[in-house]
Amino acid sequence: MGMISANDLKIKGVKAIEEALSQDPEASVSVRGQVKYIVMSNDQYQYLRECELEAALAESRADVDAGRFVIESVTKHIQRITKLTKPNKLAA
């Protein structure tokens, strides 16, 4: 992964990012020697986003295959999730 110092970014601007990304799909931006940010091209971001969505879809399919789902009306669903989000009065 390419490294861009905050000073390089300040002096060169976007050109520093372009140079770093010409060698690697991602680059880190360091501030006082510590990596603070990661930059990437929009294409790389979209690719990673697609990977996240594919992983979520695979997890959902596995839940369905394992029977971890509920079939209910909208009203019942709202009642059920409302109960889940209410603080437990006995725990207080």
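In this predicted model, 28% of the contacts in the protein chain between residues at least 6 apart in sequence join residues at least 24 apart. That figure concerns how parts of the sequence meet one another, and the elements of secondary structure are the natural next step.

The protein chain contains 4 helices and 3 strands. Followed along the sequence, these elements occur in the pattern β-α-α-β-β-α-α. The radius of gyration of the protein chain is 23 Å, whereas the globule rule gives 12 Å for 92 residues; the value is well over that of the rule, so the chain is more spread out than a compact globule. The dimensions of the model may be read beside this result: along its principal axes, the C-alpha trace of the protein chain spans about 60 × 40 × 20 Å.

The surface may be considered next. Of the 92 residues in the protein chain, 11% are buried. The accessible surface of the protein chain amounts to about 7,900 Å², and carbon and sulfur atoms account for 55% of this area.

Charged side chains form the next topic. The protein chain carries 13 positive and 13 negative side chains, and a distance of 14 Å separates the centres of the two sets. Side chains of opposite charge can pair when their charged atoms come close. In the whole structure, a search finds 5 salt bridges.

One of these salt bridges joins Lys12 to Glu19, with 3.4 Å between the closest N and O atoms. Lys12 has a relative accessible area of 42% and is partly exposed. Glu19, at 34%, is partly exposed as well. This pair belongs to a network of salt bridges that links Lys12, Lys15 and Glu19.

Another salt bridge is found within a helix. The side chains of Arg49 and Glu52 meet at 2.9 Å, taken from N to O. Both residues lie in helix 3, which covers residues 42-65, and they are 3 residues apart, or about one turn of the helix. Arg49 counts as partly exposed, because its relative accessibility of 35% lies between the limits of 20% for buried and 50% for exposed residues.

Further along the sequence, Glu72 forms a salt bridge with Arg80, in which the closest N and O atoms are 2.8 Å apart. Glu72 is partly exposed, with a relative accessible area of 29%. Arg80 also counts as partly exposed, at 33% relative accessibility.

Conventions: Residues numbered from 1 in each chain as written. Predicted model: local features only at pLDDT ≥ 70, side-chain atom pairs only at ≥ 80, totals over all residues. Heavy atoms only, no water. Helix = DSSP H or I, 4+ residues; strand = E, 2+ residues; numbered from the N terminus. Rg over C-alpha atoms; globule rule 2.2 N^0.38 Å. Buried < 20%, exposed > 50% of the residue type's maximum accessible area, 1.4 Å probe, protein only. Contact = heavy atoms within 4.5 Å. Areas by Shrake-Rupley, 256 points an atom, 1.4 Å probe, with all protein chains shown as cover. Lys, Arg positive; Asp, Glu negative; His and termini not counted. Charge placed at Lys NZ, Arg CZ, Asp CG, Glu CD. Salt bridge = Lys/Arg side-chain N within 4 Å of Asp/Glu carboxyl O.
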